[in-house]
Amino acid sequence: MNDLPAPLPSAGDSPRRRPYSSALGLACLDGSALIVSWFLVVSLFGRVWGGEFLLLLPTLVIGQLGLGYLLSLYRNRYQLGSDRELRNQGVVAAILFTGTAVMGAVPEYREDIPWLLLALLFAQGLMVFVRQLVRVLQQLRLVPVAGEPVIIVGAGDLGASLVSQMMADPLSPYRPVAIIDDDPTKARQLIHGVPVRGTTSSVAEVVAASHAAGVIVGIADAPAQVFASLVQRLEPETTWVRAVPSPLDMLSSDIGLSDIRDLDVTDLIGRPAIEPESDQISRLVEGRTVLVTGAGGSIGSELCRIISRHDPSRLIMLDRDESELHALCMSLEGRALMDSPDLVLADIRDPQALDHAFAKHKPDIVIHAAALKHLPMLESYPAEGWKTNVHGSLNVLRAARKHGVGRFVNISTDKAANPSSELGRSKFVAERLTAHYAAATGLPYVSVRFGNVLGSRGSVLISFADQIRRGGPLTVTHPDVTRFFMAIPEACLLVLRAAALGGSGQTQVLDMGKPVRIVDLAKRVMALTGRSCPIVYTGLRAGEKLHEELFSPDEIDRTSDNGVSWTVEVSPLDPAEVPTPGATLENIRDCYLEVVDGADAALAAAEGLAELPAVEATGVSQTAGKLDLAGTSWS
């Protein structure tokens, strides 16, 4: 039979000292300090006290204890040796000094008062010394010895609070060994015994000198540039970087050691996420029926979560993957009975299924997120991209026009700008088809173009995390390759904002900041996880660019009225000019040559294809703005 756990001790069994016993002990110490100081003055200065001694000394002791009690010095309210306790101790001393000086007006006490004041001064110094000594001894017992040595960035209130908590917890997983701060007035300060030893620009030297295992950013709402700068200066193989959430993120509660987090995706891309106005999204979807295609995907599911928070009349979620719809229901409702009429299991390749769904639900707004998006896969299977990204989009557009959809949003990609891949070409054709239906209906049918989404399925961040989990290596195509990145919530919010503001037929190109080197991102992920892995360069794959573009060469007439996106005009494409879904690969290629670059430019590109320069060590042709079909598997 298993032993039963021991019962919890009662209040009387607690080994800890009762609060009143420690407060009584402190009162006895203060009273003793006054008596010791009195006799210290007598012994040092050879004073002989008269009968007034028997009255004055007890009066001082009673005054100290009485005033101390009234000001909570002996009621266990303040931490021993804290600044608040010291402040109240000073108030008591000031009152006693004043009262003693006033007693000098009495003739029989006048000669003794100066020596009494001196004794009182000694006593106050002794009281403060004893308190600080006890506090130092207590802190020495609490200093962590087994935690990882860390450097705190920020000597402000939040950083000081972190240091204080770490130094007061013997089981703390972190042991602060240094602080860095860019404020020159804080140089060489000691904060809870930890020195300020430099600035963020010297973080590598401070890490090396202190043998720190990692860096913790203790700055409330620190900009993403701080994290990017730290990671750039540190060796990710040996030093990790972590952060704490802001007090607002913690609902104004105190920051604790358990709240230290790894960097998030906005830290990795080196810029803060753009936060559009939610009122615009509310005005777009509130009270309306919204249909999202590809609702189970990374972008589609986040769109559904955002839309559901802005009170739509109905949210219709369409996807061909029942497992993804199941997961989406769980995230939205906490249950997944799969019996909701708002779930639609359909393939955008099936025009009859789409027509039935649109006729049944009559959406006011359609957000078209369904697509095939993996560039290398579509290079190997171009016909699949043609069927889904081109004809699937065309099916959704036809159903939207037939059933009176008032607003349509086609989610595109930056690879549609000056496309060099099957993915980019197919999405650019979808942009042009959207522009055609915008012109045909006169309604706000728009496309939204943006870059890579960190955290989505198949994204480089997920790949790196999985490779690190396996022990490496991390694979990067080229040392200089760059990409534009956005966080999933940021991309979805801006898609909805563009949907609310975009004019008919326009393509909205989101401002994604500066492109990020993939190798830098790999190093930041390693710094985030605190694990080191080798980096292997595999070479650019067919259809890939060294640097992505946001605009095609002819998209020079672009404007930005909101600061978060540009507006470009894409020429409409008549669906009659698009071959059927079952077209041969040759017909698909000819359509791309005609549609993407235009007939004359395409002919020139085809004739000069063999003469185009290749990217060194990759074998992938670059067309400098012309269509390149050399890497696609068309046979």
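## A buried valine in a loop

Let's start with Val578, which is buried, with a relative accessible area of 9%. That figure earns the label because buried means under 20% relative accessible area. Keep in mind that you are looking at a predicted model.

Where does Val578 sit? Val578 is found in the loop between strand S21 (565–569) and helix H19 (585–596). Leaving out neighbours within four places in sequence, Val578 is in contact with Trp386, Val390, His391, Leu433 and Leu573. You can also look for Val595: Val578 and Val595 are 17 residues apart in sequence, and their C-alpha atoms are 8.9 Å apart in space.

## A glutamate that is also buried

Now find Glu548, in the loop between strand S20 (535–537) and S21. Is Glu548 buried or exposed? Glu548 is buried, and its relative accessible area is 9%. Not counting residues up to four places away in sequence, Glu548 touches Asp414, Lys415, Thr482, Arg483 and Phe484.

## Two enclosed helices

Helix H15 covers residues 422–441, and 20 residues at 1.5 Å each should span 28 Å. The end C-alpha atoms of H15 are 29 Å apart, which agrees with that. Of the 20 residues of H15, 17 are buried, so H15 is largely enclosed by the rest of the structure. Just after H15 comes Gly442, with a positive phi of about 70 degrees.

Helix H17 (residues 488–501) can be checked in the same way. At 1.5 Å a residue, its 14 residues should span 20 Å, and the end C-alpha atoms are indeed 20 Å apart. Why is H17 described as largely enclosed by the rest of the structure? Because eleven of its 14 residues are buried. Among them are Ala491, Cys492, Leu493, Leu494, Val495 and Leu496, and also the charged-side-chain names Glu490 and Arg497.

## A nonpolar patch outside

Next, look at the surface. Val36, Leu126, Phe129, Leu133 and Leu137 form a nonpolar patch there, and together they have about 440 Å² of accessible area. Which helix supplies the largest share of the patch? Helix H4 (residues 113–142) does, with four residues. Phe129 is one residue of the patch, and Phe129 lies in H4. A bit of helix geometry is handy here: an α-helix has 3.6 residues a turn, so residues three or four places apart point the same way.

The UniProt record (an unreviewed entry) places the feature "transmembrane region" at residues 20–41, 53–74, 86–107 and 113–134. Over residues 113–134 the model is 100% helix and 0% strand, with end C-alpha atoms 32 Å apart.

## Two positive phi angles

Arg188 isn't a glycine, yet it has a positive phi of about 70 degrees. Arg188 belongs to the loop between strand S2 (174–180) and strand S3 (190–191). With a relative accessible area of 78%, Arg188 is exposed.

His192 also has a positive phi without being a glycine, in this case near 55 degrees. You'll find His192 in the loop between S3 and strand S4 (194–198). His192 counts as partly exposed, at 46% relative accessibility.

## The whole chain

Finally, zoom out. The protein chain has 20 helices and 21 strands. Of its 635 residues, 49% count as buried. The accessible surface comes to about 30100 Å², and 56% of that belongs to carbon and sulfur atoms. Among contacts in the chain with a separation of 6 or more, 76% involve residues 24 or more positions apart.

Methods. Residues are numbered from 1 along each chain as its sequence is written. This is a predicted model: local features need pLDDT of at least 70, side-chain atom pairs count only at pLDDT 80 or more; totals for chains, interfaces and linings use all residues. Side-chain values use heavy atoms; hydrogens and water are left out. UniProt positions are given in the numbering used here, feature names are shortened, and annotations may be inferred rather than shown by experiment. Patches are made of residues with over 30% relative accessible area and no salt bridge: like charges are joined within 9 Å, nonpolar side chains (Val, Leu, Ile, Met, Phe, Trp, Tyr) within 5 Å. Accessible areas come from the Shrake-Rupley method with a 1.4 Å probe; for residues, only the protein chains shown count as cover. A salt bridge is a side-chain nitrogen of Lys or Arg within 4 Å of a carboxyl oxygen of Asp or Glu. Buried means under 20% relative accessible area, exposed over 50%, partly exposed in between (1.4 Å probe, protein chains only). Contact means heavy atoms within 4.5 Å. The expected span of a helix is 1.5 Å times one less than its number of residues.
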